[in-house]
Amino acid sequence: MHELILVIEDEPQIARLARDYLAKNGYRVLIAADGAAGLALARRESPDLVLLDLLLPGMDGREVCRRLRAESAVPILMLTALAEDTDQIVGLELGADDYITKPFSPAVLVARVRAALRRAGERAAPSKLVAGPLVVDTAAHSAAYDGRPLRLTPNEFKLLAALARHAGQTLGREQLLDALHGADAADLPGFDRSVDSHVKNLRRKLEAAGADAELITTVYGVGYRLGGPPAEGW
């Protein structure tokens, strides 16, 4: 089932733009034109993500965010025409997961939604991933191979966790960049080569712990795959 996105936005043109681009990318979309209606829809429909305007008639976005966060862990992206840092900070302190400033690029909107849903899925996923002798504990931020602890940098750990979560599947560089640096990293120069560097270091550390040199396989022209069956989660 495709994820359900609730757009709470009082400007019809912006609401339609968000709806059209999100629907084009496979999401189901509901729209509410004011805070009270949006809160009622969120409670009734349990969306997977809420795109919330800050300035709304009646109950404003701050109050909607405060009430939603008190009831649910649903990802909230604050949509605002205000570019002041204080407005962005207030939204994040109230529990919003991210913010997008108007005017926005529809492609950026979709990328931010996708990244927020991915992060929410990772938080809900099992914290301990086991792929054969490899154990990655995302809650403890630790990893071991055949009982031998692996001393990893933060980025090496993110990369190994992403590969372990999808063991047996090939992950493209864009997916791995997203895991390392967020949804916008693919557009930054030089970041694509950082994946290769981290994989090289990971291989070296895994081999030192007794792993086969091809535990992480290069799929030329695509990306990398952690060998073995899909990881079991605890």
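Is Asp-146 buried or exposed, given its relative accessibility? In this predicted model, Asp-146 counts as exposed, because its relative accessibility is 52% and exposed means over 50%.

**Figure 1. Close-up of the salt bridge between Arg-148 and Asp-146.** The side chains of these two residues, Arg-148 and Asp-146, meet in a salt bridge with an N to O distance of 3.7 Å. Arg-148 has a relative accessibility of 43% and therefore counts as partly exposed, while its partner Asp-146 counts as exposed at 52%. Side chains of opposite charge can pair when their charged atoms come close. The structure as a whole holds 15 salt bridges, and two others are shown in the views of Asp-53 with Lys-102 and of Arg-69 with Asp-97.

**Figure 2. Close-up of Glu-9 and the charged residues around it.** Glu-9 lies in the loop between β1 (4-8) and α1 (12-24), and with a relative accessibility of 2% it counts as buried. The side chain of Glu-9 reaches the backbone nitrogen of Glu-11 at 2.8 Å, and it also makes a polar contact, at 3.1 Å, with the side chain of Lys-102. Leaving out residues up to four places away in sequence, Glu-9 touches several others, including Ile-14, Ala-32, Asp-53 and Leu-79. Salt bridges that share partners join Glu-9, Glu-11, Asp-53 and Lys-102 into one network.

**Figure 3. Close-up of the salt bridge between Asp-53 and Lys-102.** The closest N and O atoms of Asp-53 and Lys-102 are 3.3 Å apart. This pair links distant parts of the chain, since Asp-53 belongs to strand β3 and Lys-102 to the loop between β5 and α5, 49 residues apart. Asp-53 is buried, with a relative accessible area of 2%, and Lys-102 also counts as buried, at 12% relative accessibility.

**Figure 4. Close-up of the salt bridge between Arg-69 and Asp-97.** In this view the closest N and O atoms of the two residues are 3.1 Å apart. Here too the pair links distant parts of the chain, with Arg-69 in helix α3 (residues 61-71) and Asp-97 in the loop between α4 (85-93) and β5, 28 residues apart. Arg-69 is partly exposed, with a relative accessible area of 23%, and Asp-97 is likewise partly exposed, with 29%.

**Figure 5. The parallel sheet of five strands and the helices packed on it.** The 5 strands form an open sheet in the order β2-β1-β3-β4-β5, and their pairing is parallel. At the edges stand β2 (28-32) and β5 (98-101), each of which has a single partner strand, so that one side of each is left without a neighbour in the sheet. From one strand to the next the twist averages 20°. Strand β4 (residues 76-80) is joined to β5 by 4 bridges, and within this pair Leu-77 stands opposite Asp-98 in β5. Helix α1 packs on the sheet, where it touches β1, β2, β3 (49-53) and β4, and its direction makes about 170° with that of β2. Helix α2 (residues 35-45) also packs on the sheet, touching β1 and β2, with its direction at about 165° to that of β1.

**Figure 6. The antiparallel sheet of three strands, with its hairpin and the helix across it.** The 3 strands of this open sheet follow the order β10-β12-β11, with antiparallel pairing. The edge strands β10 (170-172) and β11 each pair on one side only, and the twist averages 30° from one strand to the next. Strands β11 (residues 216-219) and β12 (residues 223-226) are joined by 4 bridges, and the bridge partner of Thr-218 is Tyr-224 in β12. These two strands form a hairpin with 3 residues between them, and in its turn Gly-221 has a positive phi of about 80°. Helix α6 lies across β10, β11 and β12, running at about 65° to β12.

**Figure 7. The largest nonpolar core.** Of the 30 residues in this core, Leu-134, Val-136, Leu-150 and Leu-226 touch the most other members. The elements that give two or more residues to the core include β7 (134-137), α6 (154-165), α8 (191-208) and β12, and α6 gives the most, with 7 residues. Leaving aside neighbours within four places in sequence, Leu-226 is in contact with residues that include Ala-131, Leu-134, Leu-163 and Ile-216. Apart from this core lies another, of 19 residues, among them Leu-56, Cys-65, Leu-94 and Ala-96.

Technical notes: Residues numbered from 1 in each chain as written. Predicted model: local features only at pLDDT ≥ 70, side-chain atom pairs only at ≥ 80, totals over all residues. Heavy atoms only, no water. Buried < 20%, exposed > 50% of the residue type's maximum accessible area, 1.4 Å probe, protein only. Polar contact = N/O pair within 3.5 Å; in protein donor to acceptor, adjacent residues only side chain to side chain. Contact = heavy atoms within 4.5 Å. Pairing = 2+ DSSP bridges. Axes fitted to C-alpha atoms, helices over the stretch in contact; angles between N-to-C directions. Core = buried A, V, L, I, M, F, W, Y, C linked by side-chain atoms within 4.5 Å. Salt bridge = Lys/Arg side-chain N within 4 Å of Asp/Glu carboxyl O.
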